[in-house]
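Reader: Could you take me closely through one part of this model, the surface where the protein meets the nucleic acid, and then place it beside a few features of the protein itself?

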Amino acid sequence: MPELPEVETIKNELLPLITGRRITGITLPWEGIVKESSIEEFRHRLTGRKITDISRRGKYLILSLDSDDLLIIHLKMTGSLILKRDCEEPPDYVRAVIHLDNGSSIFFRDLRKFGVLRLLMETGEIESKLGPEPLDDDFTPKVLAQRLARRTASIKAVLLDQKVVAGIGNMYADESLYASGIHPERPAGSLTKGEIEHLHKAIRQILWAAIGHKGASVNTYFLPDGSEGTAHYFFRVAHGKGKTCPVCGSPIERIAVRNRGTYFCPKCQRMK
DNA sequence: CCCGGAACCTGAAGGC
DNA sequence: TGCCTTCAGGTTCCGG
């Protein structure tokens, strides 16, 4: 499940390999992956264009083109981008292929077909859906506090809201709440200043560390070369079925918050 | 605006 | 063995 660290890793890995490359064609084994433009228009606007940059905002990947179009990629839950030579065996579940002028292609594989490709002229549409980048310098505890204030929903649900903070998903929400000793069902607006400061620090540390480990390959996430990240080896509660708390030894509990599997230590993360 | 639940999808895993 | 149910969890849509 690609969240901020996984998407950041894909961006970092692809950047030196595809910038400057020209797109020679698009293959769409599943046309439903393209949103908001016709297949013909999509192909036409991409074919022959040069990729000038690749960046990330929240969980979105943004390929900049020399036409000033932006190719917006969202991997949703099971998407990954695999870069392969055209002479190699293609991966399974390929929904789109971006053919490049150096004999390689970017394969968008996505078991569950939730992934999305769309062309935009500017980033306004995705900016309007996203809150601050948690790793930017201007994401301060005060900014987080303002975004949690007066919210009655659980802190877990609010952390998953991309308008509050961009890029946090189920795994890193659980890890951040565990690290800051906050019960996932606490109303977001009830957190104290000290708890918010702790949570803010935990979010940044955990996301930075996960990027250092090139993301967490808990399910269908792979790096563009097909290898796996190792961030999940360092998870303390996320996907912690049958695990025990590394601090107090209590069994990790699983509850559902907004239909999300939520793991926490009932002793270290109290409701108060 | 805020909140929670359903929908979108497909395969793996577990129960019987 | 095989069928059935449940689980996985990012985003959007919809009703309250």
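Author: **The surface facing the DNA**

In this predicted model, DNA strand C is surrounded by 18 residues, the closest of which are His74, Met77, Arg112, Arg254 and Arg260. Of the atoms of DNA strand C that come within 4 Å of the protein, 54% belong to sugar and phosphate. Sorted by class, the surface near DNA strand C comprises eight charged, five polar and five nonpolar residues.

Individual polar contacts to this strand can be named. The side chain of Arg112 places an N or O atom 2.7 Å from a base nitrogen of DNA strand C. Gln162, by contrast, addresses the backbone of the strand, with an N or O atom of its side chain 3.4 Å from a phosphate oxygen, and the side chain of Tyr263 likewise has an N or O atom 3.4 Å from a phosphate oxygen of DNA strand C.

Turning to the other strand, the residues around DNA strand B are Tyr93, Leu111, Arg112, Lys113, Phe114, Arg151, Thr152, Ala153 and Arg258. Here sugar and phosphate make up 52% of the strand's atoms that come within 4 Å of the protein. Arg112 therefore appears in the surroundings of both strands, since a residue is counted as near a strand when one of its heavy atoms lies within 4 Å of it, and Arg112 is listed for DNA strand B as well as among the closest residues to DNA strand C. The surface near DNA strand B divides into four charged, four nonpolar and one polar residue.

Three contacts to phosphate oxygens of DNA strand B can be described residue by residue. Lys113 contributes a side-chain N or O atom at 3.0 Å from a phosphate oxygen, while Arg151 brings a polar side-chain atom to 2.5 Å from a phosphate oxygen of the strand. For Thr152 it is a backbone N or O atom that lies 2.6 Å from a phosphate oxygen of DNA strand B.

Within the protein, helix H4 (residues 141-148) and helix H7 (residues 193-212) cross at roughly 115°, their axes coming within 9 Å, and the crossing is right-handed. Pro141, Leu144, Ala145 and Leu148 of H4 make this contact with Ile196, Glu197, Leu199 and His200 of H7. By class, the residues of the H4 and H7 contact are six nonpolar, one polar and one charged.

As for charged pairs inside the protein, the count comes to 17 salt bridges. One of them joins the side chains of Glu8 and Lys11, with a distance of 3.1 Å from N to O. Both Glu8 and Lys11 belong to helix H1 (residues 4-18), where they sit three residues apart, about one turn of the helix.

Notes:
Residues numbered from 1 in each chain as written. Chains lettered and ligands numbered in written order. Predicted model: local features only at pLDDT ≥ 70, side-chain atom pairs only at ≥ 80, totals over all residues. Heavy atoms only, no water. Polar contact = N/O pair within 3.5 Å; in protein donor to acceptor, adjacent residues only side chain to side chain. Nonpolar A, V, L, I, M, F, W, Y, C, P; charged D, E, K, R; others polar. Axes fitted to C-alpha atoms, helices over the stretch in contact; angles between N-to-C directions. Helix = DSSP H or I, 4+ residues; strand = E, 2+ residues; numbered from the N terminus. Left-handed = near helix turned anticlockwise from the far one by under 90°. Contact = heavy atoms within 4.5 Å. Salt bridge = Lys/Arg side-chain N within 4 Å of Asp/Glu carboxyl O.
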